[in-house]
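Please find below some notes for a colleague who is opening this structure for the first time. They are set out as numbered points, to be read with the structure in view.

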Amino acid sequence: MGFHDKLPRKIVTIYIPLAVFVFVLLFPFYWMAITAIKPNEQLTDYANYSPFWVVKPTLDHIKYLLFETSYPNWLWNTVVISVCATALSLVASVFAAYAIERLRFRGSKIVGLGIFLAYLVPPSILFIPLALMVFKLGLYDTKFALILTYPTFLVPFCTWLLMGYFRSIPYELEECALIDGASRWQILTKIMLPLAVPGLISAGIFAFTLSWNEFIYALTFIQSSEGKTIPTGVLTELVRSDVYEWGSLMAGALFGSLPVVILYSFFVDYYVSSMTGAVKE
């Protein structure tokens, strides 16, 4: 590692790539932030105003978004749907992953592969049969339509991720518990789940993020303005024909991305450790 000790080499191999990465990562947030507080005349008048800076910032776009649209309802709907869909998916994924990895039944590997392949099916194909089921069950234009359909793409991914993490837990712990007379339920709840907390957090973050950003199902199954989620509400309500409310659009996108950013920042250590456990074998 002595190659990286000298300052010129550090600049070339570490600082410059890191600076480029940080710039690419944070510039979209910066662009959303300055657009959200730009007056309308500065959004298109590049001859007199710089596109990368703001002169006389305004809060009109944010006020319009929060008080003249249904954005607070969209935010609440997104939170409720994402939390409920994530909880349902995690429960189902824990049982599926434990059964596939620890019960050792015939064909378990094929079942695991099939679950992962189900995740690769595009939502644009699945939403057609799901729409028929939603209409027949009378769930159209309700939160339950999304809460019950989101697990169709969340469960396969969470199951695949938890399978890798359960595989990294030593089998000897489970065998000792069986010798001591523990049931499978006790092993799952008192041994496996406490050890798999980083994997559960990682799967939960992924499921919550996918639910939060989902667009096709939310656009198909929700019609009323009050029942929409942030991805569909911002797009369908703030774009009217050829009129784009750019300031409010960027403010809505910025506010909508903050909860996920905060969630990742709090659980980044668990996230990294879970990914290590999921792939080391």
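1. In which helix is Ala 131 found? The model discussed here is a predicted one, and in it Ala 131 belongs to helix H6, which spans residues 123-136. Ala 131 counts as buried because its relative accessibility is 10%, and the cut-off for that class is under 20%. Along the chain Ala 131 and Thr 229 are 98 residues apart, while their C-alpha atoms lie 18 Å from each other in space.

2. A word on confidence should come before any detail. The mean pLDDT of the chain is 84, and 93% of the residues reach at least 70. Helix H7 has the highest confidence, at 93, whereas helix H15, residues 268-279, has the lowest, at a mean of 55. Over residues 277-281 the pLDDT stays under 50, and for this stretch the model has 9 contacts beyond four places in sequence. Where pLDDT is low, the predicted coordinates should not be read in detail.

3. Turning to the interior, the largest nonpolar core holds 38 residues, and the members that touch the most others are Leu 146, Tyr 150, Phe 166, Met 192, Tyr 217 and Phe 221. The elements that supply two or more residues each are H4 (71-102), H6 (123-136), H7 (143-149), H8 (151-167), H10 (184-195), H11 (197-213) and H12 (216-221). Of these, H8 provides the largest share, with 9 residues. In soluble globular proteins, nonpolar side chains tend to be buried together.

4. Met 192 offers a closer view of that core. Once its neighbours within four places in sequence are set aside, Met 192 is in contact with Tyr 98, Arg 102, Phe 166, Ile 169 and Ile 187. Apart from the largest core there lies another, made up of 15 residues, among them Phe 208, Trp 212, Val 234 and Val 260.

5. Which residues lie nearest the centre of the largest pocket? They are Phe 29, Asn 213, Ser 257, Val 260 and Val 261, out of 18 residues that line the pocket, whose volume is about 510 Å³. The elements giving two or more residues to this lining are helix H1 (7-36), H11, helix H13 (230-238) and helix H14 (246-266), and H14 gives the most, with 7 residues. Sorted by class, the lining consists of 13 nonpolar and 5 polar residues, with no charged ones.

6. Leu 254 is a residue of helix H14, and it deserves a look for its partners far along the chain. Leu 254 counts as buried because its relative accessibility is 15%. Beyond its neighbours within four places in sequence, Leu 254 is in contact with Phe 29, Met 32 and Ala 33. Met 32 is 222 residues away from Leu 254 along the chain, yet the two C-alpha atoms are separated by 6.2 Å.

7. Is Gln 42 buried or exposed? Gln 42, which is found in helix H2, residues 40-44, counts as buried because its relative accessibility is 2%. Apart from its neighbours within four places in sequence, the contacts of Gln 42 are Tyr 49, Trp 53, Val 54, Val 55 and Lys 56.

8. The last of those partners, Lys 56, sits in the loop between H2 and helix H3 (60-67). Lys 56 counts as exposed because its relative accessible area is 69%, and the class requires over 50%. With neighbours within four places in sequence left aside, Lys 56 is in contact with Pro 39 and Gln 42. The C-alpha atoms of Lys 56 and Ile 216 are separated by 38 Å, the two residues being 160 apart along the chain.

9. Finally, two backbone angles should be checked by the reader. Most residues other than glycine have a negative phi. Lys 56, although it is not a glycine, has a positive phi of about 55 degrees. Asp 141, in the loop between H6 and H7, likewise has a positive phi, near 65 degrees, and is a residue other than glycine. Asp 141 counts as partly exposed because its relative accessible area is 28%.

How values were computed:
Residues are numbered from 1 along each chain as its sequence is written. This is a predicted model: local features need pLDDT of at least 70, side-chain atom pairs count only at pLDDT 80 or more; totals for chains, interfaces and linings use all residues. Side-chain values use heavy atoms; hydrogens and water are left out. A nonpolar core is a set of buried Ala, Val, Leu, Ile, Met, Phe, Trp, Tyr and Cys residues joined through side-chain atoms within 4.5 Å. Buried means under 20% relative accessible area, exposed over 50%, partly exposed in between (1.4 Å probe, protein chains only). Helices (H or I, at least four residues) and strands (E, at least two) are DSSP runs, numbered from the N terminus. Contact means heavy atoms within 4.5 Å. On a 1 Å grid over the protein atoms alone, a cavity is a set of points where a 1.4 Å probe fits but cannot get out, and a pocket is an open set with protein on both sides within 12 Å along at least five of seven lines; lining residues have an atom within 4 Å of a point. Grid points are joined across faces, edges and corners, and a volume is the space filled by probe spheres set on the points. Ala, Val, Leu, Ile, Met, Phe, Trp, Tyr, Cys and Pro count as nonpolar, Asp, Glu, Lys and Arg as charged, and the others, Gly among them, as polar. pLDDT is the predictor's confidence in each residue, from 0 to 100.
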